[in-house]
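Grab a pencil and work through these exercises with the structure open beside you. Each one sets a task and then walks you through a solution.

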Amino acid sequence: MRGFAAQSLLVLALGLVVASATLEAHEKMLARHMPLGFGFWHQTAGFDIEQALIPFAASSSTYGTAFLVGLLNTLLVAALGIALATILGFVIGIARLSRNFVVARLSAAYVEMFRNIPLLLQLLFWYNAILRPLPAPRQSLHLPLGAVLNNRGLMLPGPHVAPGAWPVALALVLGLVLGLGLLGAARRAKRLTGVSSGLGWWGLALAIALPTGAFMVFGPPLHFTMPQLQGFNYVHGVSLYPELIALLLGLSLYTAAFIAEIVRAGIQSVAKGQREAAAALGLSPALILRLIVVPQALRVIIPPLTNQYLNLTKNSTLAVAIGYPDLAQVFMGTVLNQTGAAVQIVFITMGVYLAISLFTALAMNLWNQRAALHER
Amino acid sequence: MNAEASSYVVRDMAPARLPPVTAFGPWRWLKQNLLQDATSITLTIGGLGFIALLVPSLWRFLVSDAVWHGGPSACASAKGACWVFIAQKLPFLTYGAYPEAQRWRVDVVVGSGFALIIWLASPRLPRRNLAAALFFVVFPVVALILLHGAPALGLETIDTSLWGGIFVTLLLGLAGIVFALPLGTALALGRRSNLPLIRLTATIFIETVRGVPFITVLFLANFMLPLFVPAAWEPDRLLRPMIGTALFGAAYMAEVVRGGLQALPRGQIEAARALGLSSWSALRRVVLPQALTIVIPGIVNSFIGLFKDTTLVSIVGIFDFLGAAEAARADPKWQGPSIATTGYVFAALFYFCCCYAMSRWSHGLERRLQHGPEA
Amino acid sequence: MTRRLSLSILALTAMTTLAGVAHATSTLDTVKQRGVLQCGVETSLPGFGIPDDKGNWTGLDVDTCRAVATAVFGDPTKVKFVPLTPKDRFTALQSGEIDMLSRDTTWTQSRQSAQGLLFTGVNYYDGQGFMVRKSLGITSALKLNGASICVQQGSTSEQNLADYFQTHHMTFKPVNFDNADAIIKAYDSGRCDALTTDASGLASERLKLGNPADHIILPEIISKEPLGPSVRKGDDQWFDIVQWSLFAMIDAEELGVTQANVDTMMKSTNPAIKRLLGVQGDYGKTMGLTNDWAYNIIKKVGNYGEVFERNVGEGSPLKLKRGLNQLWNKGGIMYAPPLD
């Protein structure tokens, strides 16, 4: 009963705090003629954004579109960063366990160095360290395959879909579906009979042959336009801006250090006896890794790994310090400043990140329930 | 052996291997650690090559090409680090604009704070309860009075807008420990409470704070807070990021402490209750001391994260160490190609030393905890 | 445990209820109660608002804050400067974080009508320009088609830039940062071909470059930028105080009252000067101030011309001409309503 009293008091108190803060803010917003509501969403933005994945023009796009541009830029840097950090993190985590003294020490040095220096500082360093030494557009470094590097970023040949692309794409999809189907059938057959059927190889052959054939018949599905210097800058290519490169580099190098530690701990968590037992049963080292160590290590690795992915996504808001147009920079920066709808915009921004976090946490919990040890 | 497994298992006995080659001394070490096989030899050569590439250029930048004497003109075209710049700006980087004559107050607060932390952190020193009481209760009050000033005590008031540099970074860090740990513990207990509404409240708080970027919290605290509270309630501009940091740290701390609470066998609390302890004393005397000890490494880790995150306050206009370094970099008097890099390298060294020291300490502690408590 | 919890919750509830009782007071009362004026300024723009290593602020906008503090307290030091980036400044003012904003902010219709700001006047008439490297060999902004341009986030410059390039059928790549230092560093490192901001800002930022002589300011002025202090809507008394603190400085220059001669001017027979210095009439009292408010401003901060010369004019490293900011009767457009 006392518990009931305490709880209702807590809820009452919290309700009062929230209600009075809301009232206070509402009253002040009214008195100060601050914009209420979300009318700004459909107004013309009137400013430009350097990197926009969807068409954006100052003269016609709305603040709502600016929000989308920012969100997409955040998702882009998060996705690329997660991919890079995972690869690098796994390599370094495994390297730390290497029996080779030099490799193990170097990996340890990497981990200690990168995780003990604030990310913001690393970002500022990369941004200033990448920008300064790079040449101006007219003195660009020309890299293989037509890529160009200068202090405006990395310009890559831009892919364009050719008219004859759809048969090739169709063949690719068909080849993949058939190949995977055959591979699955081969696995089932092997599990049941213990004999390799060779069906899997047929699947692989099919997956390669179909698109190659279509390519021969219909020609290349993509053609590339090379970046060209025109006036001040390179045009006609895909450019990775220095802000994106610096942010990507900073985020993935930093997060990789944490992932490396997680991977190391995961591998070490698999008891030595497990490997020895597998070896005693006659499994080859490659099979031990695939069938014994990795599945057990992953159970330990994946939950903290997801946390690191979320951290990386949240940390991408540090983009404001180096001018990368992510959600926080565009929406909580320019849009907020031009519309004055501070309360709405800050809460929308927080809500987006919260939704990403909660969604991932939910997915994680479902996965955990499936992957957890089922003791009988 | 069933049919399913039979396909994976070799059918013939493996051929007997030769006895291992025995070797002694340094050669053996080399063979075992660097030159096991072809891959290992390649990796060793690659690794050494990398070091050979990195170390000399670092040495050149940091030492041989660096500028150690002179003024701004000496750095105008320096290829290496401009250490004179750091030397000149060190007072500003350390104390911000805190008046020179009053800087002893900062030294006293930071010094005593560290002394208390060392007392708390070394298991060999006596009376750590007293240290805890001093650190969590007395220290914040004394620090506030000493730093901000109290005209009644003859201490001139120093406005917080003059505070800056390493001192503010350390202050934010200290506030992080002093407030985040108790608050985090309370939240963790709340999340494990058997009263559903309290559990729900704690969970919502923890998950919300952990789900949003720190910078949005800081923005809310530093530019929008007065909108939500009556004018009389506005906390100081420097206090706000401190509160923000503490709340943010508390949510992360709560999850670490919860891990410790979960790791504690139920029998402990049941035994304590059976002995007649009230639930409150069982918590205070049995559960918390054990749970917190288990997770000390986790606490230190999340504190390291918090300490690094304090750099974000520079984005919302607080002159912490990084903010001061950025401001110093903008000084038109100091214009050299290496000024920015020098500032970053210096800041990196500072943060690295602090964080690395903490993580080493926590590793040592972890190892000792695994070996069981000392008798 | 539960009892303790209940007690603390009760205490919390009591505090919240108390908070609800406290009513909104006028800005003047809040400022007086606090004992210090909180004024939003530039983070680091030489001539307009910049702190030195000791935390001493200088600049035209900073002195505007000091004038208001002097009007309220008779003491120019009773002001706390809150450095703000352009994108944070309006949020800080709206929320009540600062009492007034004096941070080279352009007076625009939407800021006043839709964002709840009230501009009290203009302390610097400006326009937006471009700075480029001499080595580019460009002499006109119309040659900037396709250029990368560094611009401060959340400023009118951002929109003017888009407008200008659209009107002239040109394209550009914006590179934006939230603080002036990041922009100048990015421009200096070659990230952008041009840097754009208000012409006064360009003159000021140019001082931060390694070799200012390597850079030129293009002749085109693409916008009008009336820069001035602003307050929140909804407090007319406070609006009056901030507005007339600036007007008093301008009127003083027009009447020839300076920091040096203000004491002798107290004996002046000119009725306009008598009213300005509070010798005659209750002009201060009607705003909730003392009658010597303007005397204090002139005595302790100076008249507009003096403040201009000291911070951005010939007496400063910026060496800006008075130009439009000359008084209306001397060829400029600086004009303040009479103190009558």
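**Exercise 1. Work out how chain B is built and how spread out chain B is.**

Step 1: Start with the elements: chain B has 15 helices and 0 strands. Here helices (H or I, at least four residues) and strands (E, at least two) are DSSP runs, numbered from the N terminus.

Before going on, note that this is a predicted model: local features need pLDDT of at least 70, side-chain atom pairs count only at pLDDT 80 or more, and totals for chains, interfaces and linings use all residues. Residues are numbered from 1 along each chain as its sequence is written, while chains are lettered from A and ligands numbered from 1 in the order in which they are written.

Step 2: Look at the spread. Chain B has a radius of gyration (taken over C-alpha atoms) of 27 Å, but a compact globule of 375 residues would have one near 21 Å. That second value comes from the globule rule, 2.2 Å times the number of residues to the power 0.38. The C-alpha atoms of chain B fill a box of roughly 90 × 75 × 45 Å along the principal axes.

Step 3: Split the chain up. An automatic or database domain assignment divides chain B into domain 1 (25-64) and domain 2 (83-370). Their centres, taken over C-alpha atoms, are separated by 40 Å.

Step 4: Check the burial. In chain B, 38% of the 375 residues are buried. A residue is buried if 20 or more other C-beta atoms, placed from the backbone, lie within 10 Å of its own, exposed if 12 or fewer, and partly exposed in between.

**Exercise 2. Find where the predictor is confident in chain B.**

Step 1: pLDDT is the predictor's confidence in each residue, from 0 to 100. Chain B averages 84, and 94% of its residues score at least 70.

Step 2: Go element by element. Helix H1 (residues 3-6) of chain B has the lowest mean pLDDT, 54, and helix H8 (residues 196-211) of chain B has the highest, 91. Where pLDDT is low, the predicted coordinates should not be read in detail.

**Exercise 3. Do the same kind of check on chain C.**

Step 1: Chain C holds 13 helices and 14 strands.

Step 2: Its radius of gyration is 23 Å, close to the 20 Å that the globule rule gives for 340 residues, so chain C is as compact as a globular protein of that length.

Step 3: Of the 340 residues in chain C, 56% are buried.

**Exercise 4. Describe the side of chain A that touches chain B.**

Step 1: Count the residues: 49 come from chain A and 48 from chain B. Two residues are in contact if their C-beta atoms, placed from the backbone, lie within 7 Å.

Step 2: Find the main supplier on chain A. H1(A) gives the largest share, 10 residues.

Step 3: Sort that side by type: 32 nonpolar, 10 polar and 7 charged. Ala, Val, Leu, Ile, Met, Phe, Trp, Tyr, Cys and Pro count as nonpolar, Asp, Glu, Lys and Arg as charged, and the others, Gly among them, as polar.

**Exercise 5. Track down the largest nonpolar core.**

Step 1: A nonpolar core is a set of buried Ala, Val, Leu, Ile, Met, Phe, Trp, Tyr and Cys residues joined through C-beta atoms within 7 Å.

Step 2: The largest one has 269 residues, and A:Leu123, A:Leu247, A:Phe331 and C:Val68 touch the most other members. Helix H7 (residues 166-191) of chain B gives the most to this core, with 16 residues.

Step 3: Zoom in on A:Leu247. Leaving aside neighbours within four places in sequence, its contacts include A:Val77, A:Leu123 and A:Tyr324.
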